[in-house]
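Good morning, and thank you for making time for this presentation. I would like to take the group through one structure, from the overall fold down to individual residues.

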Amino acid sequence: MLTSRTSGRVSVLSKMIANLNQFLPLSPVACERSNVGLNPSSISLKVRYFRGSGLLCRPKVSSSESIQSPCAVLASQGSRLAKTRAQGVLFDYLHYTRSLSFTDAEHISKNSPYFIKDLLSKVDNEQDVSKSLSKFLRYNPINEFEPFFESLGLSPSEVSPLLPRHLMYLTDDGIMLENFHVLYGYGIPHSKIGKMYKEAREILEYDYGVLALKLQAYENLGLSKTTVIKLVSCCPTLLVGGVDHNFVQVLHKLRGLGIKNDGIGRYLSGRDTYDWSRVLNTINFLDKVGCTEKQFSNFLKTNPALVFEGSGKKFYVLFGRLLKLGLEKSEVYSLFIQNPKIFSVKCINNLLLALDFLFAVEMRVEDIAYITSGNFELMSTCSLKSPKTMCRELKVGRNELSHIVMGDPSKFFYLASKSSIKDDELVANQNPSNHLEKNAFLLSLGYTENSEDMMKALKKFRGRGDQLQERFDCLVEAGLDCNAVKDMIRHAPTVLNQSKGVIEEKIDYLKNRLHYPLEFLVSFPTYLCYDMERINLRFSMYMWLVERGVAKPRLSLSTVLASSDTRFVKYFVDIHPEGPSMWETLKKSLCSS
């Protein structure tokens, strides 16, 4: 009887509290149960009352809105409280028990949430967290490197491979702690040090005082501390070994363009890592394709990402793909020289996507090379639709689409562009006079109009008719007979795919450096198709042998240039005792020049 009355009163009281909650503007009533047994008469209720300014009606809440329950609120508050207490226990353990400095212990305890969560999972949250964790740490020492690396900005999956195998306590690796303090004391944020260590573990393994000297070495280059901090944060490998030679050269080149030492900091992003040898090669590439100091300076202001983002990777990818089409290095350089407008991230991306498009419609490599060389600028200005979209719009298959592209590339690129191209750009590329000039030039070389040979020649000769004529005239003006030049061009058409400047440079080298008569070109016109790097390297080695009486003077150009690398080394390097060392010296000197 007593039990039923007690149960009834509890039920009525619970309903009254629930009804009252509808009118209270503050937090709901919090109920706590203690020691609930089988006997209902032993139930104890603790009710906390809140006083408001008056009874307020709650606004209606739509069913779509989520309402946080009182239990969820209490659980969330309890979780935060447990986390705070766990941080305090970890701080006490690291500072008082393990004797870490106050600053280090505080930072680690407050910036290792995953480790704290793992600690809490080892004790009963309903008990006294501080007491339970303190007891747990008294009998279960932790691997202190786990929260330490996590506090440096690394995720648990990144921490695991970095943990030392036979160490648990941070004080056992005094050198690591010392180098960490050097970096942090220099001004590098904790969150950056973890990434730096992951990419270059050597930086926390240097002997006492070494790391500070490495940082000072970059300041000695004329860089401010702020720039050095930004620099080593995104390129920690700069602190491995001596001062990076490639970086110094990049800095020197930028200084020559009027960019102050600290100006390089404007082009760096903390999200990227930089390969300074590739950045240097990209700058050298721009210099090689005729980019003046003023142009390059403006280029850095408008498109710095093309040089620094990905360490000039887009240039490398495009350059490599053009070479794979069968174009010579000199031809690729000419394309860039003739089309300076393409030096932007957007234009490079457009070119790469256009090449993908042409491969996707299964065009032959030589046809792609022909289209690319004749429509280089147009391909860089338009972003093309996908081959699938074009096939659907034109109601053709990929093979038919390939023939449409070959029929009139400039018109097709205009139609396939996602956005309309300016009319003047289209007219410039569709100008029929360009095609007529090219035909007229080929007829002057002795080709029969509309013959199969002429169709093949149209694919091999790249550039406008006036450009081809200018290059042809360049050879004649150098002192070659006009008819001899015609024969040369028919045997080696790619000679005219280079710019006038490149042709003049190679003729000058032949006459004034090698002292060969021009007649040697008539018998081997392909000399003009080799890049200057190969010509310079091989003939430098050959002339060295001639000076020592080991090789005959004035060997044919084809003997020196056309042989494979293996054959050249066998007959022009290994035949002299000092040949191999001289060969390596020449290669290094050409690479550094």
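I shall begin with the chain as a whole and then turn to salt bridges, a cavity, two helices and two single residues.

Please bear in mind throughout that this is a predicted model. The secondary structure of the chain comprises 34 helices and two strands. The chain has 593 residues, of which 40% count as buried. As for how the chain folds back on itself, consider the contacts between residues at least 6 apart in sequence: 68% of these join residues at least 24 apart.

Let me move to the charged side chains. How many salt bridges does a search of the whole structure find? The search returns twelve, and I shall discuss three of them.

One of these is formed by Glu-144 and Arg-98, whose closest N and O atoms are 2.7 Å apart. Glu-144 sits in the loop between α5 (129–139) and α6 (145–150), while Arg-98 sits in the loop between α2 and α3 (102–110), so this pair ties together parts that are 46 residues apart in sequence. Both partners, Glu-144 and Arg-98, are buried.

Another salt bridge joins the side chains of Asp-565 and Arg-538, with an N to O distance of 2.7 Å. Here Asp-565 belongs to helix α33 (residues 565–572) and Arg-538 to helix α31 (residues 532–547), so the pair ties together parts that are 27 residues apart in sequence. Are these two partners buried or exposed? Asp-565 is exposed, because its relative accessible area of 53% is over the 50% cut-off. Arg-538, at 3% relative accessibility, counts as buried.

Salt bridges that share partners also join Arg-364, Glu-366 and Asp-367 into one network. Within this network, the side chains of Arg-364 and Glu-366 meet at 3.5 Å, N to O. Arg-364 counts as partly exposed, with 45% relative accessibility. Glu-366 is likewise partly exposed, its relative accessible area being 43%.

I turn now to internal space. Rolling a probe the size of a water molecule over the atoms shows where empty space is left. In this model, a search of the whole structure finds one cavity of 30 Å³ or more. The volume of the largest cavity is about 60 Å³. Which residues line the largest cavity? They are Leu-100, Asp-104, His-107, Ile-108, Phe-148, Ser-151, Leu-152, Leu-170, Leu-177 and Phe-180. Two elements, α3 and α8 (174–186), give two or more residues to this lining. The most comes from α3, which supplies three residues.

Next, two helices and their buried residues. Helix α11 (residues 225–234) is mostly covered, with seven of its ten residues buried. The buried residues of α11 are Thr-227, Val-228, Ile-229, Leu-231, Val-232, Ser-233 and Cys-234.

In helix α28 (residues 482–491), the buried residues are Ala-484, Val-485, Met-488 and Ile-489. Why can these be placed on the same side of α28? The reason is that they cover an arc of only 135° around the helix axis. Their cover includes α27 (465–477) and α30 (519–523). At the N-terminal end of α28, Asp-481 acts as a cap: one of its side-chain oxygens lies 3.1 Å from the backbone nitrogen of Asn-483.

Finally, I would draw attention to two polar residues that count as buried. Gln-87 is located in helix α2 (residues 70–97). Its relative accessibility is 17%, which is under the 20% cut-off, and therefore Gln-87 counts as buried. Setting aside residues up to four places away in sequence, Gln-87 touches Ser-109, Lys-110 and Ile-116.

The other residue, Asn-339, occupies the loop between α17 (329–338) and α18 (345–360). Asn-339 counts as buried because its relative accessibility is 9%. Beyond its neighbours within four places in sequence, what does Asn-339 contact? Its partners are Phe-376 and Glu-377. In the same part of the sequence as these partners is Ser-380, 41 residues from Asn-339 along the chain; the C-alpha atoms of Asn-339 and Ser-380 are separated by 9.6 Å.

That concludes the presentation, and I welcome discussion.

Methods: Residues are numbered from 1 along each chain as its sequence is written. This is a predicted model: local features need pLDDT of at least 70, side-chain atom pairs count only at pLDDT 80 or more; totals for chains, interfaces and linings use all residues. Side-chain values use heavy atoms; hydrogens and water are left out. Helices (H or I, at least four residues) and strands (E, at least two) are DSSP runs, numbered from the N terminus. Buried means under 20% relative accessible area, exposed over 50%, partly exposed in between (1.4 Å probe, protein chains only). Contact means heavy atoms within 4.5 Å. The arc is that of the directions from the helix axis to the C-beta atoms. A polar contact is a pair of N or O atoms within 3.5 Å; within protein, one must be able to donate a hydrogen and the other to accept it, and residues adjacent in sequence count only if both atoms are side-chain atoms. A salt bridge is a side-chain nitrogen of Lys or Arg within 4 Å of a carboxyl oxygen of Asp or Glu. On a 1 Å grid over the protein atoms alone, a cavity is a set of points where a 1.4 Å probe fits but cannot get out, and a pocket is an open set with protein on both sides within 12 Å along at least five of seven lines; lining residues have an atom within 4 Å of a point. Grid points are joined across faces, edges and corners, and a volume is the space filled by probe spheres set on the points.
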